[in-house]
Amino acid sequence: MAVTGIVTEWNENKGYGYISVNNQPIKIFFHISDFSGHSLRPQVSEHVIFSLTKDNSGNLRAVDIKRPIVFNFSIALAIWFATMVVGSIYLLNYPIIVIDYLLLISGFTYVLYAFDKSLSSSDNWQVPELVFHVFTLAGGWPGAVLAQSFLRHRPLSLSYLPTFWFTVIANVTLFAWSLSGPGREKLSEVVSWVFLL
């Protein structure tokens with residue numbers, strides 16, 4: 001039977017931690033090897049789904065631990081945006097190179113978040129926040145949304161989220177403008193210029 005709980009303790013050096021269920025005082029032990037996809041390190045306060053078993057000493061242990069897929073406003077917006085772009089290609093003859101570009105820049109952005117997350121477990125250098133904003137403004141915001149939801153990672157500064165949402169609004173606005181008459185002309189010029197390179 002699947003149980004839902006929250007990671008309340010995590011020891012990075014030893015690779016184990018504890019999960020609580022419904023704020024009960026009992027702490028359930030788990031090891032990093034009990035996580036499916038254990039390349040992503042557990043985070044305190046992270047929601048998880050797991051099965052219960054007992055170890056050799058009779059103590060409770062969480063096994064087959066999974067992270068629930070979080071469906072939120074940002075993922076819904078990214079899905080809507082992708083649907084609009086694909087629909088525009090089929091219904092309005094929107095240049096297909098645009099979706100190629102968006103997939104490429106979103107993939108790079110996702111990898112950038114994953115790279116930064118791998119650095120965050122140590123005290124090493126981390127990717128500057130400005131780099132994230134440049135990639136999201138350049139069209140990689142769907143990749144950023146996926147990374148924030150699935151990797152559970154984003155820069156922690158107070159200015160990050162307002163700037164991130166500004167880049168999302170700028171991208172959606174630019175896309176909407178590119179569907180208008182003047183926007184389509186400008187987009188055609190840009191696409192022609194790209195093919196001349």
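**Surface patch, strand pairing and a buried aspartate**

A nonpolar patch on the surface is formed by Val86, Tyr90, Leu91 and Leu92, whose accessible area together is about 460 Å². The model is predicted. One member of the patch, leucine 91, lies in helix H1, which spans residues 73-92. Leucine 91 has a relative accessibility of 72% and therefore counts as exposed, since the cut-off for that class is over 50%.

The strands E1, E2 and E3 are linked by antiparallel pairing. Strand E1 (residues 2-11) and strand E2 (residues 16-20) run antiparallel and are joined by five bridges. Across this pair, glutamate 9 is placed opposite tyrosine 18 of E2. The hairpin made by E1 and E2 has four residues between the strands, and glycine 15 in this hairpin adopts a positive phi near 75 degrees. Strand E2 also pairs with E3, again in the antiparallel sense, over four bridges. Here isoleucine 19 faces isoleucine 28, a residue of E3.

Strand E3 (28-31) is separated from strand E4 (47-54) by a loop that contains aspartate 34. The relative accessible area of aspartate 34 is 11%; buried residues are those under 20%, so aspartate 34 is classed as buried. When residues up to four places away in sequence are not counted, aspartate 34 is in contact with Arg61, Ala62, Val63, Asp64 and Ile65. Aspartate 34 is thus a buried loop residue, whereas leucine 91 of helix H1 is exposed.

Terms used
Residues are numbered from 1 along each chain as its sequence is written. This is a predicted model: local features need pLDDT of at least 70, side-chain atom pairs count only at pLDDT 80 or more; totals for chains, interfaces and linings use all residues. Side-chain values use heavy atoms; hydrogens and water are left out. Helices (H or I, at least four residues) and strands (E, at least two) are DSSP runs, numbered from the N terminus. Buried means under 20% relative accessible area, exposed over 50%, partly exposed in between (1.4 Å probe, protein chains only). Contact means heavy atoms within 4.5 Å. Two strands pair if DSSP finds at least two bridges between them. Patches are made of residues with over 30% relative accessible area and no salt bridge: like charges are joined within 9 Å, nonpolar side chains (Val, Leu, Ile, Met, Phe, Trp, Tyr) within 5 Å. Accessible areas come from the Shrake-Rupley method with a 1.4 Å probe; for residues, only the protein chains shown count as cover. A salt bridge is a side-chain nitrogen of Lys or Arg within 4 Å of a carboxyl oxygen of Asp or Glu.
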